Amino acid sequence: MFTPDRPIYRQIRDLIVERMLAGGDGAMLPSVRALAAEAGVNPLTVAKAYQDLQASGLVKAKKGIGLFVADGAAGTLLAAERETFFNEEWPRVRARINRLGLTTSDLFAEA
């Protein structure tokens, strides 16, 4: 599940971000223990990922209840994910498309 090229807590953070985007603002997030068990990692690793998101203001903790997606976080995350895609991923994808000589029609015909 995890790749050796990035710290596991960053990969867990990415997993949480995916859930935040799917759930939207106000959505309840899995507990540290539940997510650690699901991912097969140490709870401290998950806690570090959540702390990073809390420090960014994207996750809010409600004492005795759990962790929630902060208001406005989904939009902020979506904008950041789009920027990352266009700045980091898309240039590699576009270069490969060009190397393969694919056209827009080719791409949409396979979809």
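Student: What makes β2 and strand β3 (residues 66-69) count as paired?

Tutor: In this predicted model, four bridges join β2 to β3, and the two strands run antiparallel. Pairing requires at least two bridges, so four bridges meet the requirement. Within this pair, Lys-62 stands opposite Gly-66 of β3.

Student: Why are β1 and β2 called edge strands?

Tutor: The open sheet has three strands in the order β1-β3-β2, with antiparallel pairing. β1 (28-29) and β2 (59-62) each pair on one side only, and they are the edge strands.

Student: Turning to the helices, why is α1 called oblique to α4?

Tutor: Helix α1 (residues 8-23) and helix α4 (residues 73-100) pack at an angle of about 120 degrees, and their axes are 9 Å apart. Roughly perpendicular covers 65 to 115 degrees and roughly antiparallel starts over 145, so an angle between those ranges is oblique. The angle of about 120 degrees therefore makes α1 oblique to α4. The crossing of these two helices is left-handed.

Student: Which residues make that contact?

Tutor: From α1 they are Val-17, Met-20 and Leu-21, and from α4 they are Ala-73, Ala-74, Leu-77, Leu-78 and Glu-81. By class, the contact of α1 with α4 has seven nonpolar residues, no polar ones and one charged residue.

Student: What makes α1 oblique to α3?

Tutor: The axes of α1 and helix α3 (residues 43-55) cross at roughly 60 degrees and come within 8 Å. Roughly parallel needs an angle under 35 degrees and roughly perpendicular begins at 65, so an angle between those limits is oblique. That is why α1 is oblique to α3. The crossing of α1 and α3 is right-handed.

Student: How many residues of each class are in the contact of α1 with α3?

Tutor: On the α1 side the contact includes Ile-8, Tyr-9, Arg-10 and Arg-13, and on the α3 side it includes Lys-48, Ala-49, Asp-52 and Leu-53. The residues of the contact of α1 with α3 divide into ten nonpolar, one polar and four charged.

Student: Is Arg-13 buried or exposed, and how do you know?

Tutor: Arg-13, which is found in helix α1, has a relative accessible area of 14%. Buried means under 20%, so Arg-13 is buried.

Student: What does Arg-13 touch, leaving out residues up to four places away in sequence?

Tutor: Arg-13 touches Ala-49, Asp-52, Leu-53 and Leu-58. Among them, Ala-49, Asp-52 and Leu-53 belong to the α3 side of the contact with α1.

Notes: Residues are numbered from 1 along each chain as its sequence is written. This is a predicted model: local features need pLDDT of at least 70, side-chain atom pairs count only at pLDDT 80 or more; totals for chains, interfaces and linings use all residues. Side-chain values use heavy atoms; hydrogens and water are left out. Axes are lines fitted to C-alpha atoms, for helices over the stretch in contact, and angles run from 0 to 180 degrees between N-to-C directions. A crossing is left-handed if the near helix is turned anticlockwise from the far one by less than a right angle, and right-handed if clockwise. Contact means heavy atoms within 4.5 Å. Ala, Val, Leu, Ile, Met, Phe, Trp, Tyr, Cys and Pro count as nonpolar, Asp, Glu, Lys and Arg as charged, and the others, Gly among them, as polar. Buried means under 20% relative accessible area, exposed over 50%, partly exposed in between (1.4 Å probe, protein chains only).
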